[in-house]
Amino acid sequence: MGPLKIFLTVVVFLIFFTNLPRHSKAEVSWHSWDVQHVFVPVGFDDNDNVQVVLDGVLWNSCMVVADPAIDYRLEDGIVAIQPRAMNDGSVCRPREDAVAQTVDLGILPFGDFDILLPDGNSFPLLVAESDNAGPDDHLFALVDYAWPSTYLDRDGNLALRVELDGYLSDTCQRWDEIEVDFKNGVYVVQPKLYLVDGPCVEVMQEFDVFAELPLPPDAGRYLLHVRSYDGKSLNKVFEF
């Protein structure tokens, strides 16, 4: 093939591909999603990062939960949350996916608030006044894994417990108690420590402990909220 024929072939291909129909890029759209309940842990102070957990359903395969919009109307005692989900514009299939989203509300002043959803449903939140600058009123263990499970006790009765895995960060830390509170569908677990006199050596000591949880009154979805070291916490919604 001579140079002229090669040149003409290239020109034809360029004209052909230039005139191909161009598919428009899928457009991202934003939607609300079906929040069916808001879990509000108890025990937050005005030195804590306050958290709530949105629990609900996504109804198709294209929806991805995104950060919500939050409107702080503190003078009215209201924190309004607008749940948001992103649709990437691809071909979607109907599908029911249970979703739980932890929402960090940050540090709030002490007082009574209502967590308000767009449908008008509200959920009470109490923020207590702390005795110190924080981030915690107690020393908590560093927990990086928390898992609830059922088992049969020695009498053959159904029981519920949580397994906590994590670390003690120095040789002066000692277990005090694992305090458990259950209210409004939320298990609040506080793995409390105390300190003994030093000298202290910074060394990570792994632990794997269990704590008993009271049985819930009914079948349903519940929140496990575990406080951890340095103002952190773990949240897990589970079926019972």
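Does Gln190 count as buried or exposed, and at what relative accessibility? In this predicted model, Gln190 has a relative accessibility of 11% and therefore counts as buried, the cut-off being under 20%. The points below place Gln190 in its strand and then cover an open three-stranded sheet, the largest pocket and the largest cavity.

**Gln190 and its surroundings**
- Gln190 belongs to strand 13, which spans residues 186-195.
- Neighbours within four places in sequence set aside, the contacts of Gln190 are His138, Phe140, Glu177, Ile178, Glu179, Asp181 and Arg227.
- One of these contacts, Arg227, is also listed in the lining of the largest cavity.

**The open sheet**
- Three strands form an open sheet in the order 2-3-6, and their pairing is antiparallel.
- Strand 2 and strand 6 (94-106) are the edge strands; each has a single partner strand, so one side of each lacks a neighbour in the sheet.
- From one strand to the next, the twist averages 20°.
- Strand 3, residues 50-60, pairs with strand 6 over 10 bridges in the antiparallel sense.
- Within this part of the sheet, Val52 lies opposite Val103 of strand 6.

**The largest pocket**
- The volume of the largest pocket is about 290 Å³.
- Its lining consists of 16 residues, and those closest to the pocket centre are Val40, Val42, Pro124, Lys183 and Asn184.
- Two elements, strand 2 (34-39) and strand 8 (122-127), give two or more residues to this lining.
- Strand 8 supplies the largest share of the lining, four residues.
- Strand 2 thus has two roles here: an edge strand of the open sheet and a contributor to the pocket lining.
- Sorted by class, the pocket lining holds 12 nonpolar, three polar and one charged residues.

**The largest cavity**
- Across the whole structure, the search returns one cavity of 30 Å³ or more.
- The largest cavity has a volume of about 30 Å³.
- Phe44, Asp48, Asn49, Gln51, Arg227, Gly231 and Ser233 line the largest cavity.
- By class, the cavity lining comprises one nonpolar, four polar and two charged residues.

Key:
Residues numbered from 1 in each chain as written. Predicted model: local features only at pLDDT ≥ 70, side-chain atom pairs only at ≥ 80, totals over all residues. Heavy atoms only, no water. 1 Å grid on protein atoms, 1.4 Å probe; cavity = no way out; pocket = protein on both sides within 12 Å on 5 of 7 lines; lining within 4 Å. Points joined across faces, edges and corners; volume = space filled by probe spheres on them. Nonpolar A, V, L, I, M, F, W, Y, C, P; charged D, E, K, R; others polar. Pairing = 2+ DSSP bridges. Axes fitted to C-alpha atoms, helices over the stretch in contact; angles between N-to-C directions. Buried < 20%, exposed > 50% of the residue type's maximum accessible area, 1.4 Å probe, protein only. Contact = heavy atoms within 4.5 Å.
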